[in-house]
Amino acid sequence: MGIVMMILGIVLAIGIMLFVNKTNKFKKDVATLFIAAFVISLVLEVFTFNYTTYENIGQSLKKSESTISFGGGEAKSSNENYSASSSSLGEKANCNIIINNIDSKVNNVSVELPKNQDKTKVTIDYKDEVFTEYESIPDKDIYVVPGVTNSEYIRLHLAGKTSSLKLSLESDIEFTSSIKVGVNNNIPFRFKPFRVIIIALILFALALIYENRNLNYAGEKSKRVRRVAIVSLLIVQTLFLMFLSDGQRSKEAGIVFERETASYNAMDQYQKLAVAFSRGQTNIDRLDKNNEIQEKELDNLKKIKNPYRPNLRDSQLQRLGSSMAWDHAYYDGHYYTYYGPVPVVATFLPVYALTGKMLITRFVTTLFAIIISILLCLLVHNIAKRRKLNMWTVIGVMAASLSAVFLPSIFNGAKIYELSPLGGLICILAGVNFVYEGVHRKTKNTRFLMFGALFFALAVGCKASFLLASIVALPLILNYLASRGSSDNKNKIVRYFANIFCKDNLKPIIAIVAPYVVIGGLLMIYNQVRFGSPFDFGVAYQLTVYDTSYFKLTSISKLPTVIQNGLLRLPVTSTNFPFIDIPDADIVYHGYLFAMAGVGVFAFPFLWAFFGVPVTVKNNLKKSKDKAFVIVTAIMALVFCYVTIVMGGSSYRYSLDFGWAFVIPSVFVIFAIEEWARKKGILRQVLIGIFIVVMITVVMNVLLSFNTTFNDMHDVKPTTYYDVYNTVMFWR
């Protein structure tokens with residue numbers, strides 16, 4: 001009966017869609033489309049997503065139930081056909097339950113845990129008419145989570161009559177309260193409002209897209225719809241990022257500010273730097289006058305000849321009975337941070353100076369990710385608004401771009417490692433937006449170029465390697481300046497530079513150079529005070545897992561690793577939610593290379609458009625101001641990928657450093673494909689292809705966000721994770 005109800009729900013949903021689309025009896029306005037989407041979602045919820053509720057109807061099943069109670073180190077059952085025993089093995093608590101005399105087809109087993117119990121892994125063995133010895137059910141990913149009703153009913157999919165079942169329960173918390181176990185109980189109807197809303201909104205959005213499918217993005221008629229669509233996209237993105245952030249926040253942690261009891265030692269480097277700056281120092285040690293342990297650490301590090309060689313350092317510290325502050329820069333008896341200070345000056349420091357409270361890094365990373373989302377959509381808008389493009393192509397490209405910059409990768413750690421590149425990416429995207437708008441507008445160009453240069457300079461204050469990002473905007477700036485000159489020199493190169501450095505360009509050149517001089521000067525003073533050199537950011541002084549002073553940009557033997565992990569590494573597929581996962585690092589390299597799990601940028605289908613840059617530049621951007629911009633950005637994307645992995649290693653979150661640079665050329669290629677399709681008369685087919693690519697990219701991004709390699713939600717907030725897990729896997 002369950003399968004019948006599932007099919008019935010799908011048939012009814014399709015029927016309603018066809019009726020709304022074909023009938024002319026009522027106007028297909030926004031209200032009508034929303035009501036239809038909501039009704040379809042309700043139908044799917046009642047019949048399809050809850051088809052297991054009807055599974056026992058019409059079947060002759062033998063039901064049984066027992067309460068397992070614990071006391072005096074023993075487990076007792078209220079049903080004689082159920083026998084139970086409990087034990088502790090290491091840090092795990094175990095409970096074994098054997099159910100005899102079932103003699104019936106088994107549709108499901110129910111395990112109801114008390115509310116004070118932790119998530120519990122369940123392993124099931126069975127006997128039937130064929131297997132007279134216990135045979136294991138191959139599913140090793142069964143968890144029962146208190147408070148998640150979906151997880152309490154385990155469908156076994158066993159054929160024939162089952163004679164006996166053996167359940168093995170494993171938990172981090174000892175079993176003390178009673179457990180209810182049953183066979184073939186009716187699965188309750190589980191109405192999921194969140195699922196209904198999500199499905200309804202997706203269907204509503206698709207209906208709106210279909211009804212307004214021919215709108216021009218830059219046209220007057222599309223302005224209102226365009227604004228609503230972009231705002232809606234950003235709201236969904238913001239809620240998604242906030243959900244990921246909160247889902248990995250421990251119960252003890254605050255939301256915005258650290259608890260008053262948080263010690264200086266528990267702070268990360270940026271939080272310590274805010275305290276240090278407020279006290280007029282650049283090092284981040286001795287912030288707590290009572291910290292004798294850190295004094296001992298620093299004294300012992302002074303005794304080590306080369307504290308940057310990990311094996312030698314660790315063995316000597318162990319002999320001295322000491323440790324060290326991990327991932328700090330150590331120089332001349334002090335701890336420093338090797339990341340740029342701009343994110344601290346912009347967030348932690350002013351708040352701490354005014355309120356005495358310390359911001360939580362996870363809150364700041366979430367805020368930065370939201371700002372990046374807005375800036376990325378703004379950049380796509382600035383590129384698209386001067387072109388004749390289908391509105392939904394542009395909105396889809398925005399969604400795909402948000403999915404292809406690896407923003408969800410930050411929420412596992414949400415520490416200084418993620419915050420520094422996030423701050424830099426804000427500055428880079430703001431800089432690109434200002435420069436791109438500045439060279440394409442007719443007035444106030446100099447002001448825009450100055451702000452663009454300011455943000456590019458600030459990016460260096462977030463992460464030193466982001467100095468290379470300024471090269472991305474250089475073609476736009478130089479070509480703009482050259483267009484203002486009037487030299488008639490016959491030599492093209494001489495004429496080009498003569499036009500750039502003409503008298504009329506004196507003001508914009510000063511406006512562009514001044515921010516670099518000011519910000520660069522401040523950074524040089526900062527470095528001089530810390531490390532005795534204006535050009536030393538302290539990267540070589542890291543106390544980490546390898547000696548970073550040995551890493552060189554000329555390590556071209558790592559190129560295969562760069563290609564494999566930075567570009568081509570694909571996710572691993574699975575039959576269980578989230579269906580795709582980040583593969584573990586598997587790097588063979590002569591010499592140490594830091595490596596963590598990750599995927600390459602081309603794991604996202606949207607970024608496959610990057611390969612179309614040569615054709616786009618040749619055919620679509622031949623006389624465009626954007627030609628050199630796209631070429632240089634594409635080249636720098638590959639350079640960023642190489643530099644990041646060669647100098648820092650391979651990790652999912654490291655892709656945040658260069659993913660954005662692959663996105664920008666891909667945006668131009670997708671827009672060029674649409675313009676080409678319009679001329680060839682195959683726009684409809686191409687739009688469908690773009691829609692599919694965008695949808696796959698967005699879905700992959702969402703699913704990878706739940707991966708168990710770089711997402712701790714399943715441990716930090718198991719109720720949330722497994723509620724999502726079972727809501728998605730309604731068929732399980």
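**Exercise 1. A bridge between distant parts**

Task: Asp-172 forms a salt bridge with Lys-92; find how far apart the closest N and O atoms are, and work out what the pair ties together.

Solution, step by step:
- Start with the distance: in this predicted model, the closest N and O atoms of Asp-172 and Lys-92 are 2.5 Å apart. A salt bridge needs the nitrogen within 4 Å of the carboxyl oxygen, so the pair qualifies.
- Next, place the two residues. Asp-172 sits in the loop between strand S10 (162-171) and strand S11 (179-183), while Lys-92 belongs to strand S4 (residues 92-99).
- Those places are 80 residues apart in sequence, so the bridge ties together parts that are separated along the chain.
- Finally, check the surroundings. Asp-172 is partly exposed at 45% relative accessibility, and Lys-92 is partly exposed at 34%.

**Exercise 2. Two further salt bridges**

Task: Look at the pairs Arg-313 with Asp-314 and Lys-385 with Glu-437. Which of these four residues are buried, and which partly exposed?

Solution, step by step:
- For the pair Arg-313 and Asp-314, the closest N and O atoms are 3.1 Å apart. Arg-313 has a relative accessible area of 0%, so this residue is buried. Asp-314, at 36%, is partly exposed.
- For the pair Lys-385 and Glu-437, the closest N and O atoms are 3.2 Å apart. Lys-385 lies in the loop between helix H10 (361-384) and helix H11 (391-403), and Glu-437 in helix H12 (residues 416-440), so this bridge ties together parts 52 residues apart in sequence.
- Lys-385 is partly exposed at 27%, whereas Glu-437, at 10%, is buried.
- Now widen the view: Lys-385 and Glu-437 belong to a network of salt bridges that also links Arg-386 and Arg-441.
- To set these pairs in context, a search of the whole structure finds 19 salt bridges.

**Exercise 3. The chain as a whole**

Task: How many helices and strands does the chain have, and how does its radius of gyration stand against the globule rule?

Solution, step by step:
- Count the elements: the chain has 23 helices and 15 strands.
- Compare the radii: the chain has a radius of gyration of 30 Å, close to the 27 Å that the globule rule gives for 732 residues, so the chain is as compact as a globular protein of that length.
- Add the outer dimensions: along the principal axes, the C-alpha atoms fill a box of roughly 100 × 80 × 50 Å.
- Then look inside: 53% of the 732 residues are buried.

**Exercise 4. Two surface patches**

Task: Which elements give two or more residues to the nonpolar surface patch, and which residues form the positive one?

Solution, step by step:
- The nonpolar patch includes Phe-194, Ile-198, Phe-691 and Ile-692, and its residues together have about 870 Å² of accessible area.
- Helix H4 (193-211) and helix H21 (683-704) are the elements that give two or more residues to the nonpolar patch. H21 gives the most, with six.
- Take one member as an example: Ile-692 is in helix H21 and is partly exposed, with a relative accessible area of 44%.
- Turn to the positive patch, which is formed by Lys-618, Lys-622, Lys-623 and Lys-627. Lys-618 lies in helix H18 (residues 613-619) and is exposed, with a relative accessible area of 59%.

**Exercise 5. Backbone details in the loops**

Task: Where do Asp-332 and Phe-406 lie, and is each one buried or exposed?

Solution, step by step:
- Asp-332 is in the loop between strand S12 (329-331) and strand S13 (334-336). Its phi is positive, about 50 degrees, although Asp-332 is not a glycine. At 64% relative accessibility, Asp-332 is exposed.
- Phe-406 is in the loop between H11 and H12. Phe-406 also has a positive phi, near 70 degrees, and is a residue other than glycine. At 1% relative accessibility, Phe-406 is buried.
- One more loop is worth a visit: Pro-578 lies between strand S14 (572-573) and S15. The peptide bond leading from Phe-577 to Pro-578 is cis, with omega near 5 degrees.
- End with Leu-607, in the loop between strand S15 (580-581) and H18. Leu-607 is buried, at 0% relative accessibility. Its C-alpha atom is separated by 8.9 Å from that of Pro-665, although the two residues are 58 residues apart along the chain.

Terms used:
Residues numbered from 1 in each chain as written. Predicted model: local features only at pLDDT ≥ 70, side-chain atom pairs only at ≥ 80, totals over all residues. Heavy atoms only, no water. Patch = residues over 30% accessible without salt bridge, like charges linked within 9 Å, V, L, I, M, F, W, Y side chains within 5 Å. Areas by Shrake-Rupley, 256 points an atom, 1.4 Å probe, with all protein chains shown as cover. Salt bridge = Lys/Arg side-chain N within 4 Å of Asp/Glu carboxyl O. Helix = DSSP H or I, 4+ residues; strand = E, 2+ residues; numbered from the N terminus. Buried < 20%, exposed > 50% of the residue type's maximum accessible area, 1.4 Å probe, protein only. Lys, Arg positive; Asp, Glu negative; His and termini not counted. Charge placed at Lys NZ, Arg CZ, Asp CG, Glu CD. Rg over C-alpha atoms; globule rule 2.2 N^0.38 Å.
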